[in-house]
Amino acid sequence: MPPVPMAHYVFLSAALFTIGVIGVLTRRNVIIILISIELMLNAVNINLVAFSNQLLSVNGQAFAIFVIVDAAAEAAVGLGILIALFRNKETVQADEINLMKW
Amino acid sequence: MQTVLPNAFFYILAGIILGGGVITITRRNAVHAAIWLVVTLLGVAGLYLHLNAEFLAAVQVLVYVGGITVLFLFVIMLVNLEKAAGERQSSGHWPLGITCAVLLLIELGYFIHKGEEAFYFSESFGGTLQPNTELVALALYRDYLLPFEIASLLLLVAMVGAVVLAKKDLK
């Protein structure tokens, strides 16, 4: 049997990215939105590692490590913002944060 | 028989990842969503093992599952979410959101299908992936030393920023 075609890996990455996009656009809870952003970053990592495997080059995996570092930093700061927001407004729903709306 | 089992592993892991992703974004309880995120991330770690990236699989489990998801669970504990779990979960404009996302998926799928042969490069880069940890370490500490140092600076800034954001004002 031939190995798994490359297009299947890329399509898995695209599908996981789309699931993350649906989570960001559809949900009100800010924590679920942050979790969906992590899903999107994992989709990108899958793409990078799949190509690194196919080209037999370790650069893709080094790039993926940097993406993981970025995701960790962003999750920490995003959750810090969430805590500060909850302390002021007592809600985690995204559309109740509308003080600056016209 | 030689490639049936690795192929089967890919499709099983893909099912776990996509199924876990869909379940993650549809949970009403945030703790359940974080647990299903753990399932998805473990599936991704298994996929890295399938793709001969052993160091990255270990880093994924340690950092993503063991660090970021635990951070999410701590913040969910700090924030009172019982009232939020009883309210409406989907935002007001969710049909538009799902339409845009499905359009994105159709467009990506079309272009992936159209360029299927382009994913195979004719010239080989003549490299190797084994021994994996050693090669990743060589890449990080020789070729990508400057991004490595910048990444550590980014982590320092993020740590200080998160502490400042979450600190209570001592009046």
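Contact between the two chains (heavy atoms within 4.5 Å) draws in 84 residues of chain B and 74 residues of chain A. This is a predicted model, in which local features need pLDDT of at least 70 and side-chain atom pairs count only at pLDDT 80 or more, while totals for chains, interfaces and linings use all residues. Side-chain values use heavy atoms, with hydrogens and water left out.

Putting chain B and chain A together buries about 7100 Å² (accessible area lost, 1.4 Å probe, summed over both parts), and carbon and sulfur atoms give 75% of that. As for salt bridges (a side-chain nitrogen of Lys or Arg within 4 Å of a carboxyl oxygen of Asp or Glu), the rule turns up zero across this interface. Polar contacts (N or O atoms within 3.5 Å, one able to donate a hydrogen and the other to accept it; sequence neighbours count only through side-chain atoms on both sides) come to 13 residue pairs, both residues at pLDDT 80 or more. On the side of chain B that touches chain A, helix 3 of chain B (helices being DSSP runs of H or I, at least four residues) gives the most, with twelve residues. That side splits into 58 nonpolar, 19 polar and seven charged residues.

Then there is the largest nonpolar core (buried Ala, Val, Leu, Ile, Met, Phe, Trp, Tyr and Cys joined through side-chain atoms within 4.5 Å; buried is under 20% relative accessible area, 1.4 Å probe, protein chains only). Of its 73 residues, A:Tyr9, A:Ile31, B:Leu47, B:Leu56 and B:Leu81 touch the most other members. Helix 3 of chain A gives the most to this core, at 14 residues. Beyond neighbours within four places in sequence, A:Tyr9 contacts A:Val4, A:Ile46, A:Ala50, B:Phe10, B:Leu47, B:His50 and B:Leu51.

Definitions and conventions. Residues are numbered from 1 along each chain as its sequence is written. Chains are lettered from A and ligands numbered from 1 in the order in which they are written. Buried means under 20% relative accessible area, exposed over 50%, partly exposed in between (1.4 Å probe, protein chains only). Helices (H or I, at least four residues) and strands (E, at least two) are DSSP runs, numbered from the N terminus. Buried area is the accessible area (1.4 Å probe) that two parts lose on being put together, summed over both. Ala, Val, Leu, Ile, Met, Phe, Trp, Tyr, Cys and Pro count as nonpolar, Asp, Glu, Lys and Arg as charged, and the others, Gly among them, as polar.
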